[in-house]
Amino acid sequence: MKKFLLVLALIFIGFQSSYAQDVYEYQIVTVVESIVPSGLGRSRMITTNDVRDYKEFTSTRTGEKDKRNKSDRGDIRVKGFDETKLLNFFNIAGIRFQNIAANDAIVTSKINTMASEGWELAFVTSGVESVGGKGDNNGIYVTRYTFKKKK
C-alpha cells in the first residue's frame, strides 16, 4: 500500500509540475547598423543595464476625463547601458562586406555569451529605415534580439 501511495504521489507531482507556468525575464539587444555612404554613420549594439517600469509612463484613456501621463522625459531615459561599436556597411568605396562579416562576428559573440549565461534567443525582429525613399542609400538597419531566461 505504501508503494502504491508513493507512486500515486509521484504521478501527482509530475502532473502538477507539467502544468506549472514558467515565468521568464526578458532582455533586448538592439543592433543599429548605418547605411550611410562614405562611412559617415554610426553603428552600435546596445544593451540596457537599467530597468524601467512601463506603468510609470503609461496613462489609460477612456474618452472621459482623459489625463495625459506627465512623466518627465529625463525619467524615461536610460543612462546605464552597454554600447558596443560596430562598423558601418559602407565606406568611401561603397558597400564593405568585410564590415558586415566583422559585425556578424561581434553580434555572434554577444549571442553566445548570453546563451552561456542561461539566456535563450526567443525572437529576432529587423527593419530598414531609408530617409529619402527611392534611390536613397541613407538610413539605418535595426535588428532587435529578444532573449528570455527562466526566473
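This report describes the largest pocket, the strand pairing and the salt bridges of a predicted model.

## The largest pocket

In this predicted model, the largest pocket holds about 560 Å³ of space. Its lining is made up of 17 residues, and those that lie nearest the centre of the pocket are Gln27, Ile28, Thr48, Asp50 and Val78. Three elements give two or more residues each to this lining, namely β1 (24-34), β2 (43-48) and β7 (139-150).

Of these elements, β1 supplies the largest share of the lining, with five residues. In chemical terms the lining of the largest pocket is mixed, since its residues divide into six nonpolar, six polar and five charged.

## Pairing of the strands

The strands that contribute to the pocket lining are also linked to one another through β1. This strand pairs with β7 in the antiparallel sense over 11 bridges, and within that pairing Tyr24 stands opposite Lys150 of β7.

Strand β1 also pairs with β2, again in the antiparallel sense, here over four bridges, and Val31 stands opposite Met45 in β2. As a general point on such elements, the side chains of a regular strand alternate between the two faces of the sheet.

## Salt bridges

The model contains two salt bridges under the rule applied here. One of them joins Lys150 and Asp22, whose closest N and O atoms are 3.5 Å apart. Because Lys150 belongs to strand β7 and Asp22 to the loop between α1 (2-19) and β1, this pair ties together parts of the chain that are 128 residues apart in sequence. Lys150, which stands opposite Tyr24 in the strand pairing, is exposed, with a relative accessible area of 52%, a value over the 50% cut-off for that class. Asp22, by contrast, is partly exposed, with a relative accessible area of 41%.

The other salt bridge is formed by Glu83 and Arg44, with the closest N and O atoms 2.8 Å apart. This pair likewise links distant parts of the chain, given that Glu83 lies in strand β3 (residues 81-86) and Arg44 in strand β2, 39 residues apart. The two partners fall into separate accessibility classes: Glu83 counts as partly exposed at 44% relative accessibility, whereas Arg44 is buried, with a relative accessible area of 17%, and therefore falls under the 20% cut-off that defines a buried residue.

Definitions and conventions
Residues numbered from 1 in each chain as written. Predicted model: local features only at pLDDT ≥ 70, side-chain atom pairs only at ≥ 80, totals over all residues. Heavy atoms only, no water. 1 Å grid on protein atoms, 1.4 Å probe; cavity = no way out; pocket = protein on both sides within 12 Å on 5 of 7 lines; lining within 4 Å. Points joined across faces, edges and corners; volume = space filled by probe spheres on them. Nonpolar A, V, L, I, M, F, W, Y, C, P; charged D, E, K, R; others polar. Salt bridge = Lys/Arg side-chain N within 4 Å of Asp/Glu carboxyl O. Buried < 20%, exposed > 50% of the residue type's maximum accessible area, 1.4 Å probe, protein only. Pairing = 2+ DSSP bridges.
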